[in-house]
Amino acid sequence: MKPYTCAVLTPEQRYFNYRLSRAQMVTECAYGQLKGWFRVLFRKCECNEQTMKTVTLACIVLHNTCIEYNEPFPQQLDIATDVTTLERRDRETVRDLLNMRTCEKDKDTSVQAGKIREALKEKLWKEKNKDMECVDKIDP
């Protein structure tokens, strides 16, 4: 999601940018940890959206399971290495294993994304104002 980029922003837009920035920092940190463990997330995404969602979710589940059981992630599960020969697989073999395909040109989603951003901006601003009203009632 893109922040608002106008030189003069409304208070609602500034607040939205602030909240978006905070959320992005948390997300980027978590995804950075996943990329450290799962090399498939480290390279360019060349599969369709649904496959990428499935791969990412699988990585999250494996990561959380390893943490829960206090287990280090085994190196032999790196898909780029053949576990029987311990040799590096070529790029095409890895792409086949991950069901990767050539990316298709996506349809223009900027209008839909703009509507979602506006809705989130309004929701966050209403929540902020509601929280401020609660504080005002507590502290007369």
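# Gln13, the aromatic cluster and the salt bridges

The backbone nitrogen of Thr10 lies 3.0 Å from a polar atom of the Gln13 side chain. This is a predicted model, and every value below is computed from its atoms.

## Around Gln13

Gln13 belongs to helix H1, which covers residues 11-37. Is Gln13 buried or exposed? Its relative accessibility is 15%, and buried means under 20%, so Gln13 counts as buried. Leaving aside residues up to four places away in sequence, Gln13 touches Tyr4, Val8 and Lys121.

Two of these neighbours have contacts of their own to report. Tyr4 carries a charge over its ring: the charged end of Arg117 sits there, 3.9 Å from the ring centre. Lys121 is buried, at 9% relative accessibility. Lys121 also forms a salt bridge, described further down.

## Aromatic rings

A pair of aromatic rings is described by the distance of the centres and the angle of the planes. The count for this model comes to three aromatic pairs. One of them joins Tyr15 and Tyr18, with ring centres 6.3 Å apart and planes at 35 degrees. Why is the pair called tilted? Planes under 30 degrees apart count as stacked and those over 60 as edge-to-face, so an angle of 35 degrees makes the pair tilted.

Tyr15 and Tyr18 are three residues apart in helix H1, so about one helical turn separates them. Their exposure is as follows. Tyr15 is buried, at 16% relative accessibility. Tyr18 is partly exposed, with a relative accessible area of 44%.

Tyr15 has another ring partner, Trp125. Here the centres are 6.1 Å apart and the planes meet at 70 degrees, which makes the pair edge-to-face. Which parts of the chain does this pair link? Tyr15 lies in helix H1 and Trp125 in helix H4 (residues 110-138). The two residues are 110 residues apart, and the pair links distant parts of the chain. Both Tyr15 and Trp125 are buried. Through ring pairs, Tyr15, Tyr18 and Trp125 form a cluster.

## Nonpolar cores

How many residues make up the largest nonpolar core? There are eight: Leu34, Phe38, Val40, Leu41, Cys47, Met52, Val55 and Cys59. Helix H2 (residues 49-68) gives the largest share of this core, three residues.

Leu41 shows how one core member is surrounded. Not counting residues up to four places away in sequence, Leu41 touches Tyr31, Leu34, Lys35, Met52, Val55, Thr56 and Cys59. A second core of seven residues is separate, and includes Leu9, Tyr15, Leu124 and Trp125. Tyr15 and Trp125 are thus members of this second core as well as of the ring cluster.

## Salt bridges

The whole structure holds four salt bridges. The table gives three residue pairs, with the distance between the closest N and O atoms.

| Lys partner | Glu partner | Closest N to O distance |
|---|---|---|
| Lys53 | Glu49 | 3.4 Å |
| Lys121 | Glu118 | 3.0 Å |
| Lys123 | Glu127 | 2.2 Å |

Take Glu49 and Lys53. They are four residues apart in helix H2, so about one helical turn lies between them. Glu49 is exposed, with a relative accessible area of 58%. Lys53 has 47% relative accessibility and counts as partly exposed. The cut-off for exposed is over 50%, so Glu49 passes it, while Lys53 does not.

The pair of Lys121 and Glu118 belongs to helix H4. The two are three residues apart, so the separation is about one helical turn. Lys121 is buried at 9% relative accessibility, whereas Glu118 is partly exposed, with a relative accessible area of 33%.

Lys123 and Glu127 are also in helix H4. Being four residues apart, they too are separated by about one helical turn. Lys123 is partly exposed, at 44% relative accessibility. Glu127 is partly exposed, with a relative accessible area of 30%.

Which residues do shared partners join into one network of salt bridges? They are Glu118, Lys121 and Glu122. Lys121 brings the account back to its start, because this buried residue is one of those that Gln13 touches.

Conventions:
Residues are numbered from 1 along each chain as its sequence is written. This is a predicted model: local features need pLDDT of at least 70, side-chain atom pairs count only at pLDDT 80 or more; totals for chains, interfaces and linings use all residues. Side-chain values use heavy atoms; hydrogens and water are left out. Buried means under 20% relative accessible area, exposed over 50%, partly exposed in between (1.4 Å probe, protein chains only). A polar contact is a pair of N or O atoms within 3.5 Å; within protein, one must be able to donate a hydrogen and the other to accept it, and residues adjacent in sequence count only if both atoms are side-chain atoms. Contact means heavy atoms within 4.5 Å. Rings of Phe, Tyr and Trp (its six-membered ring) pair if their centres lie within 6.5 Å; planes under 30 degrees apart count as stacked, over 60 as edge-to-face and the rest as tilted. A charge sits over a ring if NZ of Lys or CZ of Arg is within 6 Å of the ring centre and within 35 degrees of the ring normal. A nonpolar core is a set of buried Ala, Val, Leu, Ile, Met, Phe, Trp, Tyr and Cys residues joined through side-chain atoms within 4.5 Å. A salt bridge is a side-chain nitrogen of Lys or Arg within 4 Å of a carboxyl oxygen of Asp or Glu.
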